[in-house]
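Below are my notes on the model you sent round. They are set out as numbered points, to be read beside the coordinates.

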Amino acid sequence: VVLGIALPGTKSAAVSERETWTLARLAALLRQGGVAGTLAGIALYGAGYEIFLTNIPAYLLEVKTASATMVGIFFALFYLAVSVAQVVTGPLTDRLGSRVFMAGGLGLAALGLGVSPFCDLEGLLLVLSIGSLGLGVFCIASMTFLQGAVPDALKGTTGGAYYLFWGLGMFVGPPLFTMMAQGQGYFWAMQAYAGL
């Protein structure tokens, strides 16, 4: 009720443009310039986000023998870095565009994860914070890119697709990372994800 009163009315898409969510609607979305690649990046981002929440704490405890306090500090730094990156990246993408921030964000995430095995515990917190910044940068940049890449009639579809691909990455990425870490070790699991 509060939102209905507080927010001004918005004009919805014309009746002829409105459709329900269908595979054809998703296919139309994927034909928009750069959308398919961005959605693949969003799946990679979803995997990275969940790896940072599940696999990295396990790595800190098992391999780096970090204390519970250090894992708590990692979580605090993760959320701080993601939040700061999102607040800063939003206005920058408005002025400079999204593409460079999408690539840069995933690049920072790859750097943070790829360099992690070479660091002591304190250095590890620093490079993982850099990786977390990258995830936050990519998140906002990819959202703004998708919203700008599609016509008004596909904006809702874009929102749904964003979370579908993010969820797929979150669901599939960590188990694959875990299987690789158990088979080849955390070093190779981190390098493989960073390479992607």
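1. Secondary structure. The protein has nine helices and zero strands. Read from the N terminus, the order of elements is therefore α-α-α-α-α-α-α-α-α, with strands and helices taken as DSSP runs. Please keep in mind throughout that this is a predicted model.

2. Burial and contacts. The chain has 196 residues, and 41% of them count as buried. Among contacts with a separation of 6 or more, 75% join residues that lie 24 or more positions apart.

3. Surface. The accessible surface of the protein is about 10,200 Å². Carbon and sulfur atoms account for 69% of that surface.

4. Nonpolar patch. Which residues form a nonpolar patch on the surface? They are Leu80, Val84, Val87, Val88, Leu108, Leu111 and Leu133, and together they offer about 580 Å² of accessible area. Two elements, helix 5 (68–96) and helix 6 (99–115), supply at least two residues each. Helix 5 gives the largest share of the patch, with four residues.

5. Val87. This member of the patch sits in helix 5. Is Val87 buried or exposed? Its relative accessibility is 61%, and the cut-off for exposed is over 50%, so Val87 counts as exposed. A patch residue needs over 30% relative accessible area, and the 61% of Val87 is to be read against that cut-off as well.

6. Cysteines. How many disulfides does a search of the whole structure find? The count is zero. Two cysteines deserve a look for their burial. Cys119 has a relative accessible area of 14%, and because buried means under 20%, Cys119 is classed as buried. Cys139, at 5% relative accessibility, counts as buried by the same cut-off.

7. Thr65. Where is Thr65 placed? It lies in the loop between helix 4 (55–62) and helix 5. With a relative accessible area of 64%, Thr65 is exposed, because the cut-off is over 50%. Thr65 and Leu121 are 56 residues apart in sequence, and their C-alpha atoms are 8.9 Å apart in space.

8. Points to check on the display. I would start with helix 5, which carries Val87 and supplies four residues of the nonpolar patch. The loop that holds Thr65 comes between helix 4 and this helix. After that, look at Cys119, which is buried, and at Cys139, which is buried too.

Terms used:
Residues are numbered from 1 along each chain as its sequence is written. This is a predicted model: local features need pLDDT of at least 70, side-chain atom pairs count only at pLDDT 80 or more; totals for chains, interfaces and linings use all residues. Side-chain values use heavy atoms; hydrogens and water are left out. Patches are made of residues with over 30% relative accessible area and no salt bridge: like charges are joined within 9 Å, nonpolar side chains (Val, Leu, Ile, Met, Phe, Trp, Tyr) within 5 Å. Accessible areas come from the Shrake-Rupley method with a 1.4 Å probe; for residues, only the protein chains shown count as cover. A salt bridge is a side-chain nitrogen of Lys or Arg within 4 Å of a carboxyl oxygen of Asp or Glu. Buried means under 20% relative accessible area, exposed over 50%, partly exposed in between (1.4 Å probe, protein chains only). A disulfide is a pair of cysteine sulfur atoms within 2.5 Å. Contact means heavy atoms within 4.5 Å.
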